[in-house]
Amino acid sequence: MMRAGLRRGDKRRLVPRWLDPHGRHLGTWAFVANRLTGLGLVVYLYLHLVILSTLLRGPEAWDGLVELFRRPVFLAFDVLLVAGLAFHGFNGLRVALVGSGLLVDRHKALLVAAGTLVGLVTLVAAVRIVG
Amino acid sequence: MSSPRTVLLKVFRYGPDDAAPRYDQFRVPAGPRTTVLDALLAIQRRQDPSLSVRHSCLHGSCGTCGMRVNGREVLACVTRLDGLGDAVVVEPLAGAAVAGDLVVDMEHVYRRLEPVGRPLLRASERAGPDGAEAAAAPGTVPVLEELERFEDCIECGLCLSACPVAGDPRFLGPAALAAAERVLEEPRGTDGRAVLGLVDDAHGAWRCHAAFECSAVCPAGVDPGGAIMRLRRRLLADRLPRLVGRYHQEVPS
Amino acid sequence: MATRTEEDFTEATRRRRRPRPTFAWVAQVVSGVLLLVLLTAHMVAQHFVVEGGLRTYDQVIAWIRNPVVFAVEALLLVCVTWHGIAGVHAVLLDLGLRGRAERIVARVLLDLAVATILYGLWLLYMLAFRG
Amino acid sequence: MDAPHVIVVGGGGTGGALAHDLVLRGLAVTLLERGELTSGTTGRHHGLLHSGARYAVNDPESAVECIAENRILRRIAPGSFEENGGLFVALTDEDMDYLPRFLAGCAACGIPTRELTAAEALAVEPGLNPALKAAVWVPDATMDAMRLPLRFFATAQRNGAQLRPFTEVTGLLTTGRAVTGVTLRDHLTGAEAELAADLAVNATGPWCECLAAMAGVTVPVQPSPGVLLALVGRLCDLVVNRLHMAGDGDIVVPQRRLSIVGTSAWTVTDPDDLEVPHEHVLAMYREGAKLVPAVASAAERAAWSAARPLIGAIGGAGGGGGRQLSRTFKCFDHAVTDGVEGFVTITGGKATTLRAMAEATADLVCAKLGVEAPCRTREVVLAPHTAYYTGRAA
């Protein structure tokens, strides 16, 4: 009765709020990208362990796998991997600084700097891997 | 003079007895100074009296008319239709229980603010127990400037709606964390240790992911994101010496 | 529906027994910074120090047998697992897990981290000394 | 269970203070408000806690009410005011001629003052027009127009009052000519209902004629809007008033990081239909800048109108007789004025006197219902405004 005028109700939320950065600022996009690259890298970590496990099965198994990985589609994946690592790393540095209360007023500039570094590293990696 | 411009408002509608929310469309005249709240009140008076909306001060100082307009958190009373386009989507704040239409239950804001012990307004130090007469000595108005900062918070809840992770009711959220930082900056007799303990939590200052959406939407210039980061620096300065074994009690100043 | 549940933040703040979350942050920052250094070493060494990069089974095994490499790889494994699992934990936390589910997830992730590190160390050991 | 049930119609400051007063006296209270609490006139005022000095010469009755309530509110609502004080600033020779009458008026009403030279005033408040001739310090203060009333609502709720925002009264239930309840519509659910009461209080401010008409009575109230202008920036720390007879744009109230310039006055019949005449906005800029020059170049945050409920020439409180549009309040027992039982109207007044208005009304309500209970609202310290939101039962 006391709350007669204010009952509860809400529209359903199908995806977590952080996964929907539409219309949001750069900071949220960076946060979402950091999460997605982070999750991707965790997946890669286990993939990597599985692949390295073929070393246990001797030279033939490994060398065959290495041949497979020299196909263009896997080289492109390598570039993507480096880009993801670079983003997560450089943006992570920014988050570590800002999130510890350092250079807080410069958080936007730091994001731009991180983005620039990611671009450079990815470019160099692409040239080296594909070229 | 051309005929007055009109704008199509797509307004979120929901009642406690409804199975699902819907969007109703209203066409309203829009002058250069017409605000989103003006338009909603015009709809309420001339088109659909059942539309529910919160408002009070009409100048962005009470914080009641927070809502999402085209996906962005704003105070409807100081947001002009001009420049928003010909179709404007109006929705209640996210992360709050919708009581009806654009009205949300603000309990989720105040439940977070209360434990921090945020003062309502800054009262200058010269106020005595008898109020007016004790304050009757002009010339001693303290210049607080920097310290005036947090009482700027109008408790509108825009930050909680904009924050990518404040959908979790356990997260203290930007407003309360900024209030905590404000209390620590100028304790005025409050127990800084208790406040520091309150925010040093996985759902406290450390839950923030530094997206700074709160600071982007704050209509009162509070910069909660920056305050959270300062709070974390304070926590690190307090806790780190213990981590490396040199325990010393640092009283937050 | 959306706002208050039985377990709101005031309850969360009452849980005083577990380690202060400040240390969780410090650990994530420290492991992240270490990762940046170790991963750079990991990648640069494998792709640039060895002419043409590590390719064949013999190259890889010889590489791992270097004690410095072994130590770096082992430390890298610990850091990346800690950092990654903590990140996944944060993501799952944002899904709104609470109570029993939250405790189960924390337990499973901890076990997973331990298992990952143990398996990785075993793999390194097998390759370096039994390969 | 057996306590008489009173319905308070109107969720402004007066209704909130009345609900607080009545539950303290042991009555069962339901407060109905068609929108959000304080969404009418209450939330829109400039946030001035009056010292009463503004009325000291012309309207001493209001002035005495103001200074008394100023002291009481600071006591029962600690933390709700900026202890900034106010200045009345003389800019012209005419203002200086008014100064002695002003000081005498304040003294007669018991309002503490302190005369300041131009240099002293500028030292206290550097934002002032440097061409001022003199100033008088008075115990004005800044309050929060919504959160101070919310403390009354919060306390009333804590003590058992049923507060129902977004619930509009659509009609009155009557038996003969006596009001016995209301019909209402819950705007959130769309549900309509009847609610019986031993007495209904019309606390709808400038809307009080609408409700009175449902009971077949009239109230001599004139909705009188004024334009207020909110500027970006805290242009002064003290409340700055013009030292002259009340006029347009003669006050600048600092409110957090805004500055509010008020106000103008005209009259309307429908308090829902308020214009914001552009020339009034320009007048606020022009007159406000005379007091605080920074007003002229400050960015506009918002301009809006608020309708005061001014009591017209018909009644006037306390023998005010034919005095036009006093700022004091009046409580009407419609059994006495119109022969309608169970219906009381409280109107007039201002934000500073909300508690006094409630006390007078509650005295009348209790007398009518045969309840003997003293007013306790002068002493009871109010709950924080946050309790209104956190204290509601789920």
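Two residues are in contact if their C-beta atoms, placed from the backbone, lie within 7 Å. Keep that in mind for the exercises on this predicted model, where local features need pLDDT of at least 70, side-chain atom pairs count only at pLDDT 80 or more, and totals for chains, interfaces and linings use all residues. Residues are numbered from 1 along each chain as its sequence is written, while chains are lettered from A and ligands numbered from 1 in the order in which they are written.

**Exercise 1. Describe the contacts and elements of chain B.**

Step 1: Take the contacts in chain B between residues at least 6 apart in sequence; 60% of them join residues at least 24 apart.

Step 2: Now list the elements, which are DSSP runs numbered from the N terminus (helices: H or I, at least four residues; strands: E, at least two). Chain B has seven helices and seven strands, and their pattern along the sequence is β-β-α-β-β-β-β-β-α-α-α-α-α-α.

**Exercise 2. Work out which strands stand at the edges of the five-stranded sheet in chain B, and what packs on that sheet.**

Step 1: Two strands pair if DSSP finds at least two bridges between them. The open sheet has the order β2-β1-β5-β3-β4 in chain B, with mixed pairing.

Step 2: β2 (22–29) and β4 (72–75) of chain B are the edge strands, each with a single partner, so one side of each has no neighbour in the sheet.

Step 3: Look at one pair: β3 (residues 66–69) and β5 (residues 87–91) of chain B run antiparallel over two bridges. Here B:R68 has B:E91 in β5(B) as its bridge partner.

Step 4: Helix α1 (residues 36–46) of chain B packs on the sheet and touches β1 (6–13), β2, β3 and β5 of chain B. The direction of this helix makes about 100° with that of β2(B); axes are lines fitted to C-alpha atoms, for helices over the stretch in contact, and angles run from 0 to 180 degrees between N-to-C directions.

**Exercise 3. Decide how α1 of chain A and α4 of chain C are arranged.**

Step 1: Helix α1 (residues 26–53) of chain A and helix α4 (residues 67–93) of chain C pack at about 130°, with axes 10 Å apart.

Step 2: Angles under 35 degrees count as roughly parallel, over 145 as roughly antiparallel, 65 to 115 as roughly perpendicular and the rest as oblique. α1(A) and α4(C) are therefore oblique to each other.

Step 3: Find the residues that meet: A:L41 and A:L45 are among those of α1(A), and C:V80 and C:V88 among those of α4(C).
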